[in-house]
Amino acid sequence: MSAVTTGAATTAGAATTEGTATAEDAATAASATTVDTPRSDVLASGSGTAGEDVVPVRRRRRLSPGKRLPASRLVGPALVLALWAVASAAGQLDPAAIPAPWTVLETGVRLWTDGTLPTDIVTSLQRAGYGFSIGLTAGVLLALASGLSRTGEALIDGTVQLNRAIPTLGLIPLFILWLGIGETFKIAIIAIVVYIPIYLNTHAALAGIDSRFVELAEVQGLSRFQFVRQIVIPGALPGFFVGLRLGVTGSWLGLVVLEQINATNGLGYMMFQATNYGQSDVILVGLAVYGIFGLASDSAVRLIERRVLSWRRTLSS
């Protein structure tokens, strides 16, 4: 009796085990079929089981601009140059007013060969370099003094804002009376044009530093120097580079006007003399040199910015 019972139990257990294995194999096959079946096919055929919600898979939309194209900033100027060349070749432009690009290139080569253009470029670079260095130093120091101290902000920020509201080129007559009509007033005006955007953007970046970082620095017991080096400088660098780009461009813009006032050399002087003689090709040579230097300096600042702020992940990265 016990043997029969034991045999029956063994047979039933084997049947149960076999049935379980068969069910597991069927479930595995079904799940594999479900995984291998594309979601779109399931939705199209409507073969989902009753009571089971099939969630459609949505393709994630890319919102970022994408990868940076090599030399993308040269596409716009190249397009303008191509349109200029096509219009000149088709006779749509007056050669006396807007010479063809090849005419401007020939004039530039002639001025370079004569030695006129290299001398003017060196003089303009020296003026812009001196004024930019003074403006950069003044803008950074004033921004730090105003951004890190309430007393400094009370003494400095209002004065700078007042200076910003006054047209800088309108200060030329006053600076001529103060500093004379030589090189000093030109460098001083360029310095003012440069320091204002550097100060404004750096000061705004300092004011935008999260106060929680300041509290964390106090809890960690950082010294004033460590606080400036680890918190202030990294927080102010993005705004500083924005102001630096504006300052570089402003130095060239101010130079165009200043070199037409009691100057004997420089790109602005060359263009002013060409205006008196109606030499539009020479004027375009000067504008092209200004544009090349402006684009090159801005690109250099952007390159430095990407290297220094490589830890940031932004849309322009």
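Ala, Val, Leu, Ile, Met, Phe, Trp, Tyr, Cys and Pro count here as nonpolar, Asp, Glu, Lys and Arg as charged, and the others, Gly among them, as polar. With that division in hand, the lining of the largest pocket in this predicted model falls into 17 nonpolar residues, 2 polar ones and no charged ones. The space in that pocket comes to about 650 Å³, and of the 19 residues that line it, L81, W84, A288, V289 and I292 are the closest to its centre. The elements that give two or more residues to this lining are α3 (75-89), α4 and α12, and the largest share, 8 residues, comes from α12.

Helix α4, which spans residues 101-114, also holds T107. With a relative accessibility of 5%, T107 counts as buried, because that value is under 20%. When its neighbours within four places in sequence are left aside, T107 is in contact with D281, V282 and V285.

The second largest pocket has a volume of about 310 Å³ and is lined by 14 residues, with G147, L148, R150, L206 and A207 lying nearest its centre. Here the elements that give two or more residues to the lining are α5, α6, α8 (183-207) and α10. By class, this lining is made up of 7 nonpolar, 4 polar and 3 charged residues.

One of the residues nearest the centre of the second largest pocket, R150, also leads to the salt bridges, of which the structure holds 5. R150 forms such a bridge with E153, and the closest N and O atoms of the two are 3.1 Å apart. Both residues belong to helix α6 (residues 150-165), where a spacing of 3 residues separates them by about one helical turn. As for their surroundings, R150 is exposed, with a relative accessible area of 70%, whereas E153, at 26% relative accessibility, counts as partly exposed.

A salt bridge between distant parts of the chain is found where the side chains of R127 and E259 meet, with an N to O distance of 3.0 Å. R127 sits in helix α5 (residues 116-147), while E259 lies in the loop between α10 (224-258) and α11 (267-276), so that the partners are 132 residues apart in the chain. Are these two partners buried or exposed? R127 counts as buried at 4% relative accessibility, and E259 is likewise buried, with a relative accessible area of 1%. The pair does not stand by itself, since R127, E183 and E259 are linked in a network of salt bridges.

Another salt bridge joins the side chains of R245 and D298, with 2.9 Å from N to O. This pair, too, links distant parts of the chain, with R245 in helix α10 and D298 in helix α12 (residues 280-308), 53 residues apart. R245 counts as partly exposed at 25% relative accessibility, whereas D298 counts as buried at 12%.

Turning to the aromatic side chains, a search of the whole structure finds 4 aromatic pairs. In one of them, F175 and W178 form a tilted pair, with 5.6 Å from centre to centre and 45° between the planes. The two residues are 3 apart in helix α7 (residues 172-179), which means that about one helical turn separates them. Their accessibilities fall into opposite classes, for F175 counts as buried at 11% relative accessibility and W178 as exposed at 58%. The rings of F240 and F241, by contrast, have their centres 5.4 Å apart and their planes at 65°, so this pair is edge-to-face; the cut-off that decides the matter is an angle of over 60 degrees. F240 is buried, with a relative accessible area of 18%, and F241 is buried as well, with a value of 5%. Finally, ring pairs link W252, Y290 and F293 into a cluster.

Note on methods
Residues are numbered from 1 along each chain as its sequence is written. This is a predicted model: local features need pLDDT of at least 70, side-chain atom pairs count only at pLDDT 80 or more; totals for chains, interfaces and linings use all residues. Side-chain values use heavy atoms; hydrogens and water are left out. A salt bridge is a side-chain nitrogen of Lys or Arg within 4 Å of a carboxyl oxygen of Asp or Glu. Helices (H or I, at least four residues) and strands (E, at least two) are DSSP runs, numbered from the N terminus. Buried means under 20% relative accessible area, exposed over 50%, partly exposed in between (1.4 Å probe, protein chains only). Contact means heavy atoms within 4.5 Å. Rings of Phe, Tyr and Trp (its six-membered ring) pair if their centres lie within 6.5 Å; planes under 30 degrees apart count as stacked, over 60 as edge-to-face and the rest as tilted. On a 1 Å grid over the protein atoms alone, a cavity is a set of points where a 1.4 Å probe fits but cannot get out, and a pocket is an open set with protein on both sides within 12 Å along at least five of seven lines; lining residues have an atom within 4 Å of a point. Grid points are joined across faces, edges and corners, and a volume is the space filled by probe spheres set on the points.
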